[in-house]
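Reader: Could you take me through the strands and helices of this model?
Author: Certainly; here it is.

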Amino acid sequence: MADTVLYEVSDGLATITLNRPEAMNALNIATKVALRDAVRSAADDGSVRAILLTAAGDRAFCVGQDLKEHIGLLAADRETGSGGTMSTVREHYNPIVRALAGAPKPVVAAVNGVAAGAGFGFALAADYRIVSGTASFNTSFAGVALTADSGVSWTLPRVVGPGRAADLLLFPRSIGAQEALELGIANRVVPADELRAEAEKVAVALAEGPTVAYAAIKEAVAYGLTHSLEETLEKEDELQTRAGSSEDHAIAVEAFVNKERPKYLGR
């Protein structure tokens, strides 16, 4: 994988780090390909029990598309008439968001600075967002005459409601950490110098937890958002049967009876 994205697995935790701090972790093609491959690897790796998505530097989590590269690609499109530049949504952004949201394990985003455009989308695709007090969010898309991508048109209304989502998409602005917490965009806000340690603490705790149950919880919530109550009750029955037959459930019940702390196996 390119060094624009760092990938490390330790004790069941996959840490994926956007590593273009000099460009505010903007997404050029190399970075998008490397991020897509890293997220897919973490999602598919059975030894990985939780994923931490973060970024290098203290200015930005990810400011979205690298517009300097984008300008050149658009110019080439005009010369060739190919229109291939915007295929990045299909080839890169969509697979990244699918892998983050669909991973059968918890995904924690540690947002260390500006999260704009697709960077905002990637943060929203995570299950839990820990945000630096100096971080901010911005939809950005309309500011460059584009519509939402990276799942934002699906995730943002579900987090803040459709009315607020329309406002934030039509009139892009910077959303500070405290407002993000109030809107539900951030799950937790911590001082900048404590972000990495706190995010790793949360991610490690999830990696050590009942990951079969976590996967079922993710699936149940996603399913319930687009199905009726009756259909969701049926899905809960299916998923609870799966979780109830796991080794982790047996371990948890025995530990509870014995007043011990369970040591989960993730199966």
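Author: A term is needed at the outset: two strands pair if DSSP finds at least two bridges between them. The model is a predicted one. Leu-18 stands opposite Ala-55 in S3.

Reader: In what sense do S2 and S3 pair, and over how many bridges?
Author: S2 and strand S3, residues 50–55, pair in the parallel sense, and 6 bridges are found.

Reader: What does the chain pass through from S2 to S3?
Author: It passes through helix H1, residues 29–44, and this β-α-β crossover is right-handed.

Reader: And on the S1 side, how does S2 pair?
Author: Strand S1, residues 5–10, and S2 are paired in the antiparallel sense over 6 bridges. Tyr-7 has Ile-16 in S2 as its bridge partner. The hairpin of S1 and S2 has 2 residues between the strands, and Asp-11 there adopts a positive phi near 50°.

Reader: Is S2 buried or exposed?
Author: Strand S2 spans residues 13–18, and 6 of its 6 residues are buried, so the strand is largely enclosed by the rest of the structure.

Reader: Which residues lie on each side of S2?
Author: Leu-13, Thr-15 and Thr-17 are on one side, while Ala-14, Ile-16 and Leu-18 are on the other; all are buried, and both faces are thus covered. In a regular strand, side chains alternate between the two faces of the sheet.

Reader: Changing topic: what is the strand order in the open sheet of 4 strands?
Author: The order is S4-S6-S8-S9, and the pairing is mixed. Strand S4 (60–62) and strand S9 (175–176) are at the edges with a single partner strand each, so one side of each has no neighbour in the sheet.

Reader: How many bridges join S6 to S8?
Author: Strand S6, residues 114–116, runs parallel to strand S8, residues 136–138, and 3 bridges join them. Val-114 has Ser-136 in S8 as its bridge partner.

Reader: Which helix packs on that sheet?
Author: Helix H4, residues 118–125, does, touching S4, S6, S8 and S9; its direction makes about 95° with that of S6.

Reader: Lastly, at what angle do H9 and H10 pack?
Author: Helix H9 (residues 211–224) and helix H10 (residues 229–244) pack at about 170°, with their axes 10 Å apart. Angles over 145 degrees count as roughly antiparallel, and H9 and H10 are therefore roughly antiparallel to each other.

Reader: Which residues meet there?
Author: Among them are Val-212, Ala-216 and Tyr-223 in H9, and Lys-235, Leu-239 and Arg-242 in H10. The residues of this contact divide into 6 nonpolar, 2 polar and 5 charged.

Definitions and conventions:
Residues are numbered from 1 along each chain as its sequence is written. This is a predicted model: local features need pLDDT of at least 70, side-chain atom pairs count only at pLDDT 80 or more; totals for chains, interfaces and linings use all residues. Side-chain values use heavy atoms; hydrogens and water are left out. Axes are lines fitted to C-alpha atoms, for helices over the stretch in contact, and angles run from 0 to 180 degrees between N-to-C directions. Angles under 35 degrees count as roughly parallel, over 145 as roughly antiparallel, 65 to 115 as roughly perpendicular and the rest as oblique. Contact means heavy atoms within 4.5 Å. Ala, Val, Leu, Ile, Met, Phe, Trp, Tyr, Cys and Pro count as nonpolar, Asp, Glu, Lys and Arg as charged, and the others, Gly among them, as polar. Buried means under 20% relative accessible area, exposed over 50%, partly exposed in between (1.4 Å probe, protein chains only). A crossover is right-handed if, with the strands pointing away from the viewer, the path from the first strand over the helix to the second runs clockwise.
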